[in-house]
Amino acid sequence: MLILKKEFFERIAAHGKREFPNEACGLLAGRDSRVERVYEMTNADKSRATFLMDPAEQLKALKEIRGLNLEMLGIYHSHVASQAYPSSHDVAMAYYPDVSYVIVSLKDNNPSMRAFRIAEGKITEEELKIVS
Ligand SMILES: [Zn+2]
């Protein structure tokens, strides 16, 4: 399970809209399944179908997360024209079996968000709890 405050949900959706028509991506940090920080990353792919977090930004964020004694709980990205479900490319690029892959779909006016675990090429949906 991943617990996300509504304000973070809105921030991720806003990030996706800002990067539209390219995919937006970022990191989620926290503890005990509860997200406490959202790190917006630059999509080095600058693509409407894939994302690659800028490696220097990612390293900086991971250092900060460690310094705050938090964990990397998730990686989020947007889908601009498809549903909130991992693409085959997402699965191929999923290197972290222990984090949640959060996808926000901007396909409709109303952004929808889902969370998954991706391990050894297998996708498992995870409960995403939005709290106020
Ligand atoms: Zn994707």
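Helix H2 is followed by Asn69, whose phi is positive, near 65 degrees, and this residue offers a convenient way into the structure, which is a predicted model. Asn69 lies in the loop between H2 and S4, and the sign of its phi deserves attention in that it belongs to a residue other than glycine. Asn69 is exposed, with 7 other C-beta atoms within 10 Å.

The helix that leads up to this loop, H2, takes in residues 55-67, and its 13 residues reach 18 Å from the first C-alpha to the last, close to the 18 Å expected at 1.5 Å a residue. Its buried residues are Gln58, Ala61 and Ile65. They occupy an arc of only 65 degrees around the axis, and therefore sit on the same side of H2. The other side of the helix carries the exposed residues Ala56, Leu59, Lys63, Arg66 and Gly67. What the buried residues of H2 pack against is a set of three strands, namely S2 (25-31), S3 (34-41) and S4 (71-79).

A comparable description can be given for H1. This helix has 14 residues, and the distance from its first C-alpha to its last is 20 Å, close to the 20 Å expected at 1.5 Å a residue. Within H1, the buried positions are Phe8, Ile12, His15, Gly16 and Glu19. Viewed down the axis of H1, these buried residues fall within an arc of 100 degrees, so they line one face of the helix. Lys6, Glu7, Glu10 and Arg18, by contrast, are exposed on the other side of H1. The packing partners of the buried residues of H1 are S1, S2, S3, S4 and S5.

These helices and strands meet again in the nonpolar core. In soluble globular proteins, nonpolar side chains tend to be buried together. Here the largest nonpolar core has 30 residues, of which Leu27, Leu28, Val35, Tyr76, Tyr101, Val102 and Val104 touch the most other members. Two or more residues of this core come from each of strand S1 (2-5), helix H1 (6-19), S2, S3, H2, S4, strand S5 (100-105) and strand S6 (112-119). Val35 can serve as an example of how such a residue is surrounded: with its neighbours within four places in sequence left aside, Val35 is in contact with Leu2, Ile3, Leu4, Lys5, Phe8, Leu28, Gly30 and Leu73.

Two of the loops between these elements have backbone features of their own. In the loop between H1 and S2 lies Pro21, and the peptide bond that joins Phe20 and Pro21 is cis, with omega about 10 degrees. In the loop between S2 and S3 lies Ser33, a residue other than glycine whose phi is nevertheless positive, near 70 degrees. Ser33 is partly exposed, with 16 other C-beta atoms within 10 Å.

Later in the chain, S6 and S7 pair in the antiparallel sense over five bridges. The two strands form a hairpin with two residues between them, and in the turn Glu120 has a positive phi of about 50 degrees. One of the bridges is that of Ala119, whose partner in S7 is Lys122. S6 is among the elements that contribute two or more residues to the largest core, whereas S7 (residues 122-126) is hardly covered, the count of buried residues among its five residues being zero.

The chain as a whole can now be considered. Its secondary structure comes to three helices and eight strands, which follow the pattern β-α-β-β-α-β-α-β-β-β-β when read along the sequence. For 132 residues, a compact globule would have a radius of gyration near 14 Å, and the 13 Å of the chain agrees with this. The C-alpha trace spans about 35 × 30 × 30 Å along its principal axes, and 33% of the 132 residues count as buried. Among the contacts in the chain with a separation of 6 or more, 62% are accounted for by residues 24 or more positions apart. Val35 illustrates contacts of this kind across the sequence, since Leu2 and Leu73 are both among its partners.

How values were computed:
Residues are numbered from 1 along each chain as its sequence is written. This is a predicted model: local features need pLDDT of at least 70, side-chain atom pairs count only at pLDDT 80 or more; totals for chains, interfaces and linings use all residues. Helices (H or I, at least four residues) and strands (E, at least two) are DSSP runs, numbered from the N terminus. The expected span of a helix is 1.5 Å times one less than its number of residues. A residue is buried if 20 or more other C-beta atoms lie within 10 Å of its own, exposed if 12 or fewer, and partly exposed in between; C-beta atoms are placed from the backbone. The arc is that of the directions from the helix axis to the C-beta atoms. Two residues are in contact if their C-beta atoms, placed from the backbone, lie within 7 Å. A nonpolar core is a set of buried Ala, Val, Leu, Ile, Met, Phe, Trp, Tyr and Cys residues joined through C-beta atoms within 7 Å. Two strands pair if DSSP finds at least two bridges between them. The radius of gyration is taken over C-alpha atoms; the globule rule is 2.2 Å times the number of residues to the power 0.38.
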